[in-house]
Amino acid sequence: MHPTGVTHDFGADLQRALRAGFTLITVATGEEGRARQLVDVACEALGLRTTYWATTSDVSMRATLEAGSAEQEVMVFLDPAPYLADPHVVRLLREIGLGARRAIVVLLGSVIELPPDLEREAAAIELPLPTRDELSALLMLVPEEERRGWDTGAFARAAAGLTMSEAARAFALARAEIDAGDAPAGVASDGVRSCDAARALKRVIAQKRRALKKSATLELVDDDVPLADVGGLDVLKAWLSSRVRAYGEDARAYGLPEPRGMLLCGVQGCGKSHASKAAASVLGLPLVRLDFAAVFANASPEQALREGLRAVTAIAPVVLWVDEIEKGLGATGGGMADARQVRVFGAFLTWLQERTAPVFVAATANEVEHLPPELARRGRFDEVFFVDLPSPQEREDVLALTLRRRGRRPDGLNLAAIAKPLDHFSGAELEQVIASALFRAFAQRRELLEEDLRAAAREIVPLATLYEEKIQALRAWGRVRARKASADRRVLDLFES
């Protein structure tokens, strides 16, 4: 059984629409049971009775509409999407607010796409995902003895972004995790409960990761990248570090808004995605990736985006990572690809501008010429950074960091001399230099030498050489339209001529 009467926004929105005289209301949600409970409660408060129709009913949707409704009655049609292509049904829905046929109709389903003739006549109401208060109330239904040692706030945060039924299953699996576990020998009862709670919490987080994968548009990224593992980009790293405390109540009292995010533009392979992951680590927030390719692969891209952003808002505070944003929202020479892209772009821009939840958006872009100017406007992002090819010192830092990640000490190697001539190399290409050099040394059954690194570098043709004109134009854009992510950037003579 689910706690009811907690989600006030949905009920209040529905009541406002009914008082305003709307006779056609749409509710797009996958939580039918919860939506029905809340519709019943909201209508009952206004003295209205609800009746329900489904495809399993003996009477067709068309016949039900033709029969009309009794006074003070709201007709709720479940999963009506297949019938909205019937011109007779559309005509009847248009007539429900006219004269003697006046009635109140609610269309409830996972996807509700109205024909253009009906769009302006309907009120669209969204059912938000459960709040943390709702999830805490749901957790209280677990017997106290079984949840002893559980931190209610931590479990509610872990379940944020799940539907009520998904959260109920996650908590049930968490209980089963404890039942299946064996207490470690010699551990006191308090220690046992602490271990149980940790295992149970991990199970809830695993269920959330699985649920987000079902949506296809979102992925909970479990990739902890410390800021120290990002080579160079000192300006960007200092900017991120200055925002660590900005999510606290003391920042609100000081008058600071919550950080809105950053747009990272620049040369491919220079650490934009790596820096986005590090942003989540330094801010101490979970990282969720939004995949626009999956959004457009959906039958209803607008609905897929709406559901994805709804889930992100429920999880907040969170870092939303949108990699290569121009691939999904960028314009070509002839403008947007189609009407669907225009609508999705508009919906995402509106959300970027109007969002109030603490969602830090970390977006990256390689092909800046395809970025619509509206996307980079202040207010949607706090800052636009340009990530350039690394300077000599940054190249040395990247080589040293990569060697350490491979279990090698860089002390005995003259990395400064090796890095100096590699002025065309991106960070990803420098990492490949290390990998190729290690393969070379391993094949000869010896330890890594400087000559291995130099030989590996000679074998790689960097992207900046292959696409010289394109990189030159990109760097020219970055000099005047974005803030440099690195303070000590030397001008590359190759691109200045």
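# A guided tour, starting at Arg 377

Select Arg 377 to begin: with a relative accessible area of 41%, Arg 377 is partly exposed. Keep in mind along the way that this is a predicted model. Arg 377 sits in the loop between strand 10 and strand 11 (383-387). Now add Gln 353 to your selection. The two residues are 24 places apart in sequence, and their C-alpha atoms lie 9.6 Å from each other in space.

**Stop 1: strand 10**

From the loop, step back to strand 10 and select residues 359-365. Is this strand enclosed or open to the outside? Strand 10 is largely enclosed by the rest of the structure, because 7 of its 7 residues are buried. A residue counts as buried when its relative accessible area is under 20%.

Show the side chains of strand 10 and look at one face, then the other. In a regular strand the side chains alternate between the two faces of the sheet. Here, one side carries Val 359, Val 361, Ala 363 and Ala 365, and the other carries Phe 360, Ala 362 and Thr 364. Both faces are covered, with all of these residues buried.

Next, bring in the strands that pair with strand 10. Strands of a sheet pair through backbone hydrogen bonds, either parallel or antiparallel. Select strand 7, residues 261-266: strand 7 pairs with strand 10 in the parallel sense over 5 bridges. To find your bearings, pick Leu 264, which stands opposite Thr 364 of strand 10. Then select strand 9, residues 318-322, which also runs parallel to strand 10 and is joined to it by 5 bridges. A handy landmark here is Val 319, whose bridge partner in strand 10 is Phe 360.

**Stop 2: Ser 426**

Select Ser 426, in the loop between helix 18 (415-419) and helix 19 (427-443). Is this loop residue buried or exposed? Ser 426 counts as buried, because its relative accessibility is 3%. To see what surrounds Ser 426, set aside the neighbours within four places in sequence and show Gln 268, Gly 269, Cys 270, Leu 389 and Pro 390, which are in contact with Ser 426.

**Stop 3: a five-stranded sheet**

Now move to the earlier part of the chain. An open sheet of 5 strands awaits you, with parallel pairing and the strand order 2-3-4-1-5. Its edges are strand 2 (49-53) and strand 5 (123-126), each of which pairs on one side only. Turn the view to follow the twist, which averages 25° from one strand to the next.

Select helix 2, residues 32-45, which packs on this sheet. Helix 2 touches strand 2, strand 3 and strand 4 (104-109), and the direction of helix 2 makes about 150° with that of strand 2.

Look more closely at strand 2 together with strand 3, residues 73-78: 5 bridges pair them in the parallel sense. Pick Thr 50 and you can trace across to its bridge partner in strand 3, Val 74.

**Stop 4: salt bridges**

How many salt bridges does the model hold? The count comes to 24, and three of them make good stops.

Stay with helix 2 and select Arg 36 and Glu 32. These two form a salt bridge, with the closest N and O atoms 3.5 Å apart. Because they are 4 residues apart in helix 2, about one helical turn separates them. Arg 36 counts as partly exposed at 29% relative accessibility, and Glu 32 counts as partly exposed at 28%.

Next, select Glu 31 and Arg 34, whose side chains meet in a salt bridge at 2.7 Å from N to O. Both of these residues are buried.

For the third pair, select Asp 250 and Arg 245. Their closest N and O atoms are 2.8 Å apart, forming a salt bridge. Asp 250 counts as partly exposed at 40% relative accessibility, while Arg 245 counts as exposed at 64%. Then return to Glu 31 and Arg 34 and add Glu 134: salt bridges that share partners join the three into one network.

**Last stop: a nonpolar patch**

Finish on the surface by selecting Val 461, Leu 466 and Tyr 467, which make a nonpolar patch of about 320 Å². Leu 466 belongs to helix 21, residues 463-466. Is Leu 466 buried or exposed? With a relative accessible area of 54%, Leu 466 is exposed.

Terms used. Residues numbered from 1 in each chain as written. Predicted model: local features only at pLDDT ≥ 70, side-chain atom pairs only at ≥ 80, totals over all residues. Heavy atoms only, no water. Pairing = 2+ DSSP bridges. Helix = DSSP H or I, 4+ residues; strand = E, 2+ residues; numbered from the N terminus. Axes fitted to C-alpha atoms, helices over the stretch in contact; angles between N-to-C directions. Contact = heavy atoms within 4.5 Å. Patch = residues over 30% accessible without salt bridge, like charges linked within 9 Å, V, L, I, M, F, W, Y side chains within 5 Å. Areas by Shrake-Rupley, 256 points an atom, 1.4 Å probe, with all protein chains shown as cover. Salt bridge = Lys/Arg side-chain N within 4 Å of Asp/Glu carboxyl O. Buried < 20%, exposed > 50% of the residue type's maximum accessible area, 1.4 Å probe, protein only.
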